[in-house]
Every structure is written in structure tokens, then in C-alpha cells.
Amino acid sequence: MVKFQTNTDQPTGDSSPSYQHQENGDNQGKSQQEIEDEIFREHHAISERTPLLAAKNNVPLYSAPAQTRSNDSGADSTPTQSSTPQQPPEIFKITQKWWRELSSTTKWVIIVAIIFLIQLFFFIFSLKIVAPITTRNAIEQSEISFDSVRVENSGSSFAIVGNATINNLGKVKVTSDPTDLSVYYLGNLLGNIALPAMTLSPQDNQFFINSTLRTYEPALLEGFVADTILKDSLEWDIQGFMNFYSKAATLRDYSLNKKIQFTGFNGAKEIQLRSLNLYSDNFDHGVGFTADLSFWNPSNITLLPGNLAFGLFYENLLIAEGNSADPVLTPGDNDLVLSGSLSTISDDAAHMTEFLNKYFKGDVLNVEVRGLGSASAHWLDKALQHVQTEVEVQGIPEPVYITEMSITDPSVEFDGQEYTLGLNGVLNANLKLPTTFKTLPIRIRQTSQVCVYRFEACVPFAALDVPSSAILTTAEEDFTSMKAELSDVQLVALPDAQDEYSQVLQDFFTSKNLIFQVTGHTIITAETAIGLLDLELDSFTEFVDVKGLSSLQHPPINVTSVEMSSSSEGLTFESVVALHSESSILLRLGPVVLDLMYEEVKIGEAWIPDLEISPGDNNIVVYSQLINPDTAPLNETIGELFSKHLQGVDIPLRVQGNSRSSLIEPLNQVLQHYVHPFTIPGRSGNLIEGTAFHLFFGSISTQITNPINTLPLKIRVLNATLSMEDSKIGEVNLRFREGSWFSPINIPPNRSLRTPRLPVSFTEDGAKKLRAHQGGEVELDIQSKVEVEINKMPIHVTYNVSHIIAKVNSWFFSE
């Protein structure tokens with residue numbers, strides 16, 4: 001094996017290494033040629049590793065191999081190694097000699113220069129080849145985004161103003177010339193925008209754009225704006241040729257193709273209606289409104305759309321239409337003021353009435369805000385017409401309500417034979433109306449449920465339905481006063497509450513006090529600037545304290561006058577009854593029939609053609625008819641009654657209900673249990689006056705008064721006992737017959753008639769006493785039983801009179 005060693009024993013002036021050839025056991029057995037070839041290969045390897053140190057002292061480092069060897073056959077020769085080393089080229093020798101002659105310092109200068117030239121080469125290569133490629137790659141990999149965009153209407157085009165950012169630009173700083181770029185949306189050319197000159201770097205990667213996008217297809221512009229409003233994201237594709245400049249390179253007519261992402265309005269869903277105010281000053285200019293809207297814009301786009309028209313819809317009905325004048329819709333929260341007018345109320349606009357009622361009650365309503373269009377930017381019409389957002393509307397803070405309600409001059413009457421009571425009176429109500437919304441109430445309607453308190457529980461028994469009634473209004477400082485005439489408003493028994501209804505009526509007639517609770521709602525029909533409006537007010541509750549008719553007995557009924565009258569049915573009376581009612585309700589009960597009772601005997605019937613009981617004092621005309629006394633007990637009872645009356649004794653009577661007291665069944669049920677006592681005062685004064693005895697004829701005559709103002713009185717039988725000083729002096733017993741000497745005595749109504757001389761059966765003692773007073777007067781007591789006939793009705797009457805003065809005549813011609 002051949003080894004090369006550094007000769008450390010060489011003089012210091014020569015720093016080139018020297019090598020010695022040594023043989024060892026590895027070279028044994030090899031030819032001389034093989035050894036030389038191996039030495040050549042070793043030298044050649046060292047020269048490749050250290051080219052500048054490859055030779056020393058002109059000693060060749062390798063020998064060139066032999067060129068060829070001859071082939072005895074004359075064929076093509078193949079190179080073979082020469083038996084002697086191959087010599088290097090001459091230029092190599094010259095260079096090697098020159099390099100050896102240079103000093104060490106010069107050699108290092110040359111090495112540094114070579115390194116510099118290599119770097120210069122790579123720098124020039126970078127400028128001409130690498131820098132343009134790097135700049136192009138940076139631009140291609142960059143992304144353009146808009147930090148904020150301001151879109152403003154300008155007719156068939158719109159202005160775009162905003163800040164843009166180029167990201168992922170790397171470390172390249174570039175400038176560009178102003179240019180026009182084409183904007184594509186959904187693959188269609190939307191228009192052109194002018195891009196300004198820009199200077200961009202990693203530290204300053206924003207630029208400002210202020211350009212007008214001139215569109216070529218209005219329909220495409222409308223579609224883009226509609227998508228801007230409705231979608232949450234959009235994308236532009238901008239294309240064009242631009243010139244870019246950097247320190248290292250220039251790119252001319254660079255074909256730019258970038259996609260730009262936008263954040264859309266996402267349907268403009270986040271709209272809130274903070275307040276809605278309705279106002280009208282008169283009935284001629286409609287009802288205006290202002291609405292404060294809050295709109296959250298999730299986009300980075302600022303939109304200046306001009307005047308925007310919106311509609312307010314309730315239950316799919318357009319109730320109001322208004323405009324927002326020149327709003328600026330910036331990213332984030334926006335406040336819009338919408339002003340316009342309400343729609344008119346038509347006959348089929350029940351939803352409009354429902355909306356206004358809830359609004360005036362202060363309720364929260366769900367209203368849909370819909371875009372209608374833009375008067376100044378028609379390219380926004382399509383977009384706005386797709387804006388539909390449901391919002392909540394808060395009604396007025398001070399709802400419309402009735403502050404007070406009452407019924408004055410109330411009266412109740414039964415309606416024919418129906419199971420109802422009719423209420424009459426004047427309904428008074430104070431109504432709190434909105435101050436800014438002009439209304440004029442003209443009619444009122446009410447529906448209520450009535451319950452009565454029993455043992456602290458209110459028991460429903462009837463419904464009260466007040467039909468639509470005209471209103472007289474008076475404007476007060478804080479409210480509107482209303483009056484409405486109520487006529488026959490029906491108080492109808494609730495289903496399955498007829499028994500309770502009847503019990504309430506009975507309690508009313510027999511109780512001192514009843515407490516009712518009336519709960520219901522009121523509808524006010526009012527004139528407004530947009531038509532007639534039915535205002536449905538909140539439910540109301542009124543407590544009504546009603547005094548019953550038990551007060552009629554305290555003080556009791558007083559009969560102030562009694563008049564008899566003729567009737568084909570028998571003897572009738574017309575009485576005036578005075579009673580006092582503490583109840584505040586006027587009752588109209590219709591015809592009423594009651595039994596007329598004396599003690600425990602029914603002597604007749606009393607009826608009132610149209611019973612009406614007013615609050616306070618009442619004078620009621622009562623008609624009564626006595627039963628024909630066809631039986632002795634009844635005749636005796638009626639006679640006793642008449643006798644007491646004529647004697648001046650007050651007659652205690654009573655009226656009580658029967659099974660046919662009223663044609664109205666509920667009232668009939670009440671009156672069946674009705675009992676009311678009263679008294680007929682006795683007659684004052686004597687019916688017999690001017691009595692005279694005629695001793696010559698043994699007779700007596702007197703003047704009898706008919707106490708009946710309307711009927712003649714006929715005396716058919718007279719049985720009288722005459723007494724003086726408690727001693728009987730005689731009797732008169734006569735039965736008057738038609739056509740006989742003593743015909744019945746007929747006394748005209750309210751007149752006095754002198755009887756003929758009636759024969760007297762004197763006692764012996766009585767004759768003596770009278771003769772003792774001839775020509776004078778005596779005090780006489782008369783006890784009589786008389787059968788009289790009044791309107792063909794016979795009545796047996798007992799009439800007693802005491803201490804009357806009677807003349808005693810003895811002459812023939814004496815009266």
C-alpha cells in the first residue's frame with residue numbers, strides 16, 4: 001500500500017509538504033507498473049482535495065498513463081495504462097509555477113476576490129431572475145379584504161368608499177399605478193371601479209379606495225345589493241392589468257385576479273322597534289306616526305341608501321307606511337327614525353281595530369317590518385322588498401280606560417213574559433283618552449256578568465248586555481265625560497242559574513240590602529281621523545249596593561182613599577195606597593194580582609194594572625173587587641168589614657200573592673210568597689142625622705147619608721133598636737119591597753136622603769118617656785142591622801150610633 005506523509009524535516013522557508021514513497025509488505029509481489037498506477041491514483045486524489053497545494057519543488061504529482069497498445073490483429077485499439085505516469089498539460093504547469101511564485105498574501109487576496117465575484121454573480125442573478133419571481137409570488141399569494149366599505153347611491157351606479165387591506169404580502173414593498181379593474185359577481189360583470197395608486201409593505205398594508213362602481217346591468221346591480229342585505233357573506237372577483245414596482249423588480253401589465261369577501265347584512269333581521277307614537281290633531285289629516293327603530297348591522301359595509309320606505313304589518317295587514325330620510329347604516333348599532341301615516345279603517349279591517357285596541361291598552365304587540373323600496377335608489381327596491389323582520393311594539397304607557405262608571409235614575413222592569421229583567425237609566429262614565437290621538441266617542445256597548453254576594457262568596461246568576469247606545473260627551477280637564485240612555489237593557493239569567501235568578505228577585509223584595517258585583521268589558525265606538533274605531537277597554541269590576549223592598553213595610557202601606565165603583569163582576573174599589581221605598585231602583589213590574597184578605601178569609605182580589613215603585617214616596621192606585629158573598633160566612637165577614645168601616649174603625653187587611661199574581665214566571669214565583677199588611681181607615685162622621693119621632697103616627701124618620709161617592713145605596717131591610725138612657729124604648733123592623741107602601745130606600749151617591757116615617761113598636765116605658773118630652777129633644781142610641789144593596793150585591797151591615805139628638809113631635813103636621 002502507498003502512503004503519503006508530511007515531511008516535517010523540510011526547511012521552514014518552504015511550506016509545501018513532501019511525500020516519500022515507502023514500500024511495505026503490501027507491495028510485495030506487484031509489478032512495477034501496478035505500483036506506479038497506484039501511486040498515480042493516490043496523487044490524483046490528494047490533488048482533488050487540495051488543488052492549490054497539489055505540487056512542490058516541481059515534482060509532478062501524477063504521471064499520465066500510456067495512450068494505447070497495439071493489437072497484433074490490426075483491430076481497434078483500446079486504451080491501456082502506460083507503464084509510465086501521464087504528464088499534465090502545459091497550461092497547468094504554467095499556472096502551477098505561477099501560483100508557486102506568488103506570496104501567501106497575494107494568494108489570499110486572489111481567493112477573496114474570487115469569492116466576491118461569485119457573490120456578485122448571484123446578486124445579479126437574483127435581480128434579474130429571482131426578484132421578479134419573488135414579487136410576483138408575493139402578489140399572487142396576497143389576499144385583499146375590505147376593513148370598511150361605504151356604499152352610496154348615485155343613480156344607476158353607486159359610490160364605494162372604504163379602507164382595504166392586503167394580507168400575506170410577505171416582506172415585499174411594492175407600489176402600483178392607478179388603474180381600472182373589472183368587478184365580477186356570480187360570474188357576471190358587475191361593473192368597473194377605479195383603483196388608486198398604492199404603496200404597500202408588511203408594515204403598511206392598507207389603502208383607501210374612493211371610486212364609483214359603474215354598472216352595466218341594472219338587474220345584476222339590484223341582485224348584488226339584494227344579496228348584500230339578505231346574505232351573510234358575498235364575494236367579488238376583481239380582474240385587470242396592473243403595474244407593480246419594487247426596488248428589486250418591475251411587473252408591468254400584471255394580470256390581477258383576486259377574490260374579495262364581504263360580510264352581508266344577513267337579512268337585516270336584528271331590527272327592534274323601540275317606540276311607536278301615534279298622533280292626530282284633527283279629523284281631516286289622518287293619523288301620523290313616528291317610530292324609533294334600532295338596527296344592528298353585522299356587516300362591515302356602510303350603506304347610504306337614500307330615503308327608505310317601510311311598512312308595518314299586523315296579521316299580514318298593512319297598518320302603517322313610513323319613510324326613513326337619508327339614513328346612514330354603519331356597521332354595528334344604528335338608530336332610525338321612521339315617520340309616516342296609519343292606514344284607514346275599513347269595514348273588513350278587523351286586524352287594524354285589533355292592533356289599535358292592543359296599542360291603546362298598553363299591550364305588547366308583534367308587528368312585522370317590511371321594506372317597501374327606496375324613492376331615490378331603485379336598485380335597492382328588490383333588496384328592501386325582501387326585508388321582513390318581526391318586532392315587538394309596546395303600546396302607550398297610559399292606557400285608555402274608564403275611571404268611573406255609574407247608573408243614575410235606574411229602573412227595572414220585567415220584559416213581557418220573558419225570563420228577563422229590563423234595566424233603564426242613564427249610564428255615566430268617565431273615559432281616559434290618549435292626549436295625542438284625537439278621538440270622539442259616539443257610542444258605547446257593554447257586556448257584563450252579574451253575581452250576588454252570599455256568605456262572602458259572589459254567586460253568578462245573570463248577564464247584562466248593554467246594546468250600542470248613543471253617547472253625549474263633555475270634555476273635562478283630564479278625562480271625557482260620557483252619558484248614554486239605557487232603555488230596556490236585558491238582565492238575562494245565566495244558563496243553569498234560573499233558580500238563583502229567582503232567589504235574587506225574592507231576596508230583593510224581602511231583604512234590606514243586596515250587594516252585587518258587575519264584571520265585564522266595554523266597547524267605545526269613536527270617530528278618529530282614519531275612520532270609526534271600536535275601542536275595547538279592559539275588563540272592569542263595579543260593586544253595586546242595592547237596597548231591597550223590605551222597606552215597604554216600615555213604615556207600612558197606608559191607604560189614603562177608597563172609592564167604590566160599579567162593575568159587572570161585582571163590587572169594586574179604587575184605593576190610593578201610599579208607600580215609601582228606600583231602594584234606589586225604580587221597579588216596573590207590570591200587572592200584578594193579589595189576594596185581598598181580612599183576617600184569614602179571602603174577601604176579594606186586588607190588582608194593579610201596571611205596578612211601578614219609585615225610590616222614595618209612591619202613591620199607587622190599587623183596584624180591588626169583593627167576592628160575591630154567596631155563602632153565609634162570607635156574607636157575614638164582608639158585612640163585618642163594612643160595619644167597622646162605617647163605624648169609623650180602621651180595618652186591618654193584607655194582600656198576598658197567589659199562583660197567578662204575575663204573568664211573568666220569575667216574578668210570579670216571588671209574589672207567591674209576598675204578604676203585605678195594610679189598613680183601611682174607618683169613616684169619620686155619622687151616617688144618621690136629623691132624627692125625629694112622630695108620636696101621633698107612632699113612627700120615626702131620619703136622614704141617612706150614602707158614604708159611597710160613586711154608587712147608589714139601596715136599603716132593603718132595616719132592623720133597629722132604639723134606646724134612651726140605656727133603656728129600650730122601641731124597635732123598627734121593616735123589609736122594604738118594590739111596589740109596596742115601603743119600597744126600598746135608594747140613596748144617591750154621596751148624598752143624604754130623609755126616610756119616610758117608619759113605624760116604631762114602642763115599649764110601654766118608652767112611650768111614656770117620649771110623651772114626657774113632647775115638643776122637645778131626647779138623646780137617642782140606635783143599634784141597627786141593615787141589609788143594603790150596592791151594585792146589586794147584598795151586604796149585611798151593623799151600624800150603631802149613640803147620643804144622637806132626636807126631636808119628639810106630637811102634632812099631625814110635624815116633620
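Student: Is Glu605 buried or exposed, judging by its relative accessible area?

Tutor: This is a predicted model, in which local features need pLDDT of at least 70 and side-chain atom pairs count only at pLDDT 80 or more, while totals for chains, interfaces and linings use all residues. Residues are numbered from 1 along each chain as its sequence is written, and side-chain values use heavy atoms, with hydrogens and water left out. Buried means under 20% relative accessible area, exposed over 50%, and partly exposed in between (1.4 Å probe, protein chains only). Because the relative accessible area of Glu605 is 19%, this residue counts as buried.

Student: With which residue does Glu605 form a salt bridge whose closest N and O atoms are 3.4 Å apart?

Tutor: A salt bridge here is a side-chain nitrogen of Lys or Arg within 4 Å of a carboxyl oxygen of Asp or Glu. The partner is partly exposed, with a relative accessible area of 32%. At 3.4 Å between the closest N and O atoms, Glu605 pairs with Lys602.

Student: Which residues are joined into one network by salt bridges that share partners?

Tutor: Side chains of opposite charge can pair when their charged atoms come close. Glu605 and Lys602 form such a salt bridge. Through shared partners, salt bridges make one network of Asp595, Lys602, Glu605 and Arg660.

Student: How many residues apart in sequence are the parts that Glu500 and Arg454 tie together?

Tutor: The side chains of Glu500 and Arg454 meet in a salt bridge, with 2.5 Å from N to O. Helices (H or I, at least four residues) and strands (E, at least two) are DSSP runs, numbered from the N terminus. Since Glu500 lies in helix α7 (residues 498–510) and Arg454 in strand β20 (residues 440–454), the parts tied together are apart in sequence by 46 residues.

Student: What is the phi of Asn316, and where does this residue sit?

Tutor: Most residues other than glycine have a negative phi. Asn316, however, has a positive value near 65°. The place of this residue is in the loop between β13 (308–314) and β14 (317–324).

Student: Which element of the protein has the lowest confidence?

Tutor: Confidence is given as pLDDT, the predictor's confidence in each residue, from 0 to 100, and the protein averages 78, with 80% of the residues scoring at least 70. Where pLDDT is low, the predicted coordinates should not be read in detail. Confidence is highest in strand β37 (residues 727–735), at 93, and lowest, at a mean of 54 over residues 32–49, in helix α1.
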